[in-house]
Every structure is written in C-alpha cells, then in structure tokens.
Amino acid sequence: MRYLTFALTKGRLASKTLDLLEQVGITCEEMRDKNSRKLIFVNEELKLKFFLAKGPDVPTYVEYGAADIGVVGKDTIMEEGRKLYEVMDLGFGACRMCVCGPESARELLHNNQLIRVATKYPNIAKDYFYNKKHQTVEIIKLNGSIELAPIVGLSEVIVDIVETGSTLRENGLVVLEEVCPLSARMVVNQVSMKMEDERIRKLISMLRNVVSEGTSH
Ligand code: PRP
C-alpha cells in the first residue's frame, strides 16, 4: 500500500484538522509538538504522511500531486484557483469574506465610483467587483493588517476576512457587504481521487459522519 499524503495549513487549521482526524482514529502525535521544526510526519501503521505548508501553497501541492489531500480555507482555494476537487466542508474555521471600510464609504459602493480596494485576495476582490457588482475598481495587494489601508488613506475599502469582527470594531470600521461565507475544506488531487478512490472515499465518509454529528448538536 502506498502512502497517502496530506498537506495541512500551518497554524490553527492544522491543529483543528488533527483534532478531527483523531476522532476517526487517525493520529499523528509527533505533529502536535509545537517546538518541533520538523515539516513532515509519518503514521507507519496507516501508511499516511502529513506535512505542514503555508496556506496558499496547499492547493499547489495538491494540484501537482505532491500531496493527495489538502486541508485549507475556502478563501485560499478561491484565490489560488488551482485544479483540484473540493470534496468536503469541514465546518471549522468559519468566517466571512467581506468588503469593509468606514461607514462613510458605503455610498461609494452604490454609485459605481472608481475606488481603491486593498486586499490580500486580489483575485477574489476582482471577481466580486468586476463580475458580480460590475464596478470598476483599483485593486491594491497587501500582505497583512489590511484594516490599516482605509485608516491611513491607502484605499477607500478593503476585502478581507471577518471572524469575530473585533479587528474592525477596534479600528472604527464596519462590514459594508458580504462576499461569501468561508470555512476549512478538504481538497483532493484529481488523479489521486481515481487511483486511491477506495481509501479516499472511506476517509471522506468517516469524516462526514463526525462533522455532521458535530453540527447536529
Ligand atoms: C485576519 C483578517 C482580519 C482578522 C479578522 O487577520 O485579515 O484582520 O483576522 O478577525 P476578527 O474578525 O476575529 O478580528 P490575521 O490575524 O490572519 O492576520 P493578517 O492581518 O496578517 O492577515
């Protein structure tokens, strides 16, 4: 039996993924060690490998088949636009992609004005403004602390993730429009889905049972 390889998103998503996998009897204790600098972990008994990657790289590993399976946020899947199968909503990491800004920017979204939009997600922002709203905007790519942009006058609005809403509140910004809901998803390489059909289907079905149990309580 060959190894089935998982690419997990470093950080909170990886730890929640490990919690979920544990519930279906898949463990990888070694991976829990926060002090370890190790990047790849093996469960010899189940013939599974796990590695940790930066979120935006997970779809890349999966598209090229370096990983059979990935766990990554829907935001990253949409932004990266890789060829892969999105097979399951894992339920955790729930948040929303939103257009945010000061309340005063709300009217700028209705009058088809040329505004600047700062974001870590230029493809999602482009798709939303160009294809859904048919508003021509200038997209400015940033790499973090996106909320700064409208405060210091770099842009009128931002497209960013809102989870609890604290970052917005503490910086005098509000949600102006919702782009889409987000959560962690399981993705599968298109060839692996055929070659390892049985193992992957079994895994999906076990995970579905646990995830749906979790949401029905
Ligand atoms: C994310 C996001 C928001 C914040 C939203 O940033 O970009 O800034 O979390 O969470 P909240 O609604 O619970 O406040 P992250 O912490 O990942 O860091 P970043 O600014 O470097 O993107």
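**Largest pocket.** I looked up the lining of the largest pocket in this predicted model. I found 37 lining residues, of which Asp75, Thr76, Lys120, Tyr121 and Ile161 lie nearest the centre of the pocket. I then listed the elements that give two or more residues to this lining, and they are H1, helix H3 (74–80), strand S9 (157–162) and helix H6 (166–169). H3 gives the most, with four residues. I recorded the space in this pocket as about 1000 Å³. Sorted by class, its lining divides into twelve nonpolar, 13 polar and twelve charged residues.

**Cavity search.** I next asked how many cavities of 30 Å³ or more a search of the whole structure finds. The search returns one. I noted a volume of about 40 Å³ for the largest cavity. Its lining consists of Phe6, Thr17, Leu20, Leu21, Val71, Leu90, Met186 and Leu207. H1 gives the most to this lining, with three residues. By class I counted seven nonpolar residues, one polar residue and no charged residues around the largest cavity.

**Largest nonpolar core.** I turned to the largest nonpolar core, which holds 31 residues, and I noted that Phe50 and Met186 touch the most other members. Two or more residues come from each of strand S1 (4–9), helix H1 (12–23), strand S3 (48–53), strand S4 (69–73), strand S5 (85–89), strand S11 (184–188) and helix H8 (197–216). H8 gives the most to this core, with six residues. Another core, of 21 residues, lies apart from this one, and I noted Ala105, Tyr121, Ile124 and Leu182 among its members. Tyr121 was already in my entry on the largest pocket, as one of the lining residues that lie nearest its centre.

**Met186.** I followed Met186 further, as it also lines the largest cavity. Which residues is Met186 in contact with, leaving aside its neighbours within four places in sequence? I listed Ile69, Gly70, Tyr85, Glu86, Val87, Met88, Leu90, Leu203, Ile204 and Leu207. Of these contacts, Leu90 and Leu207 also belong to the lining of the largest cavity.

**Val174.** I located Val174 in strand S10 (residues 174–182). I classed Val174 as partly exposed, because its relative accessible area is 28%. Val174 and Cys100 stand 74 residues apart in sequence, yet I computed 5.5 Å between their C-alpha atoms. Residues up to four places away in sequence not counted, Val174 touches Val99, Cys100, Gly101, Pro102, Glu103, Arg106 and Leu168.

**Ser183.** I placed Ser183 in the loop between S10 and S11. Is Ser183 buried or exposed? I entered Ser183 as buried, because its relative accessibility is 5% and the cut-off for buried is under 20%. The side chain of Ser183 makes a polar contact, at 3.1 Å, with the side chain of Arg185. Beyond four places in sequence, I found Ser183 in contact with Val72, Gly73, Lys74, Asp89, Gly91, Phe92, Gly93 and Ala94.

**Backbone phi.** I checked for positive phi, since most residues other than glycine have a negative phi. Lys47, not a glycine, has a positive phi of about 55°. I found Lys47 in the loop between strand S2 (40–43) and S3, partly exposed with a relative accessible area of 24%. His134, also not a glycine, has a positive phi of about 50°. The place of His134 is the loop between helix H4 (122–132) and strand S8 (137–141). I entered His134 as exposed, because its relative accessibility is 57% and the cut-off for exposed is over 50%.

Methods:
Residues numbered from 1 in each chain as written. Predicted model: local features only at pLDDT ≥ 70, side-chain atom pairs only at ≥ 80, totals over all residues. Heavy atoms only, no water. Core = buried A, V, L, I, M, F, W, Y, C linked by side-chain atoms within 4.5 Å. Buried < 20%, exposed > 50% of the residue type's maximum accessible area, 1.4 Å probe, protein only. Contact = heavy atoms within 4.5 Å. Polar contact = N/O pair within 3.5 Å; in protein donor to acceptor, adjacent residues only side chain to side chain. 1 Å grid on protein atoms, 1.4 Å probe; cavity = no way out; pocket = protein on both sides within 12 Å on 5 of 7 lines; lining within 4 Å. Points joined across faces, edges and corners; volume = space filled by probe spheres on them. Nonpolar A, V, L, I, M, F, W, Y, C, P; charged D, E, K, R; others polar.
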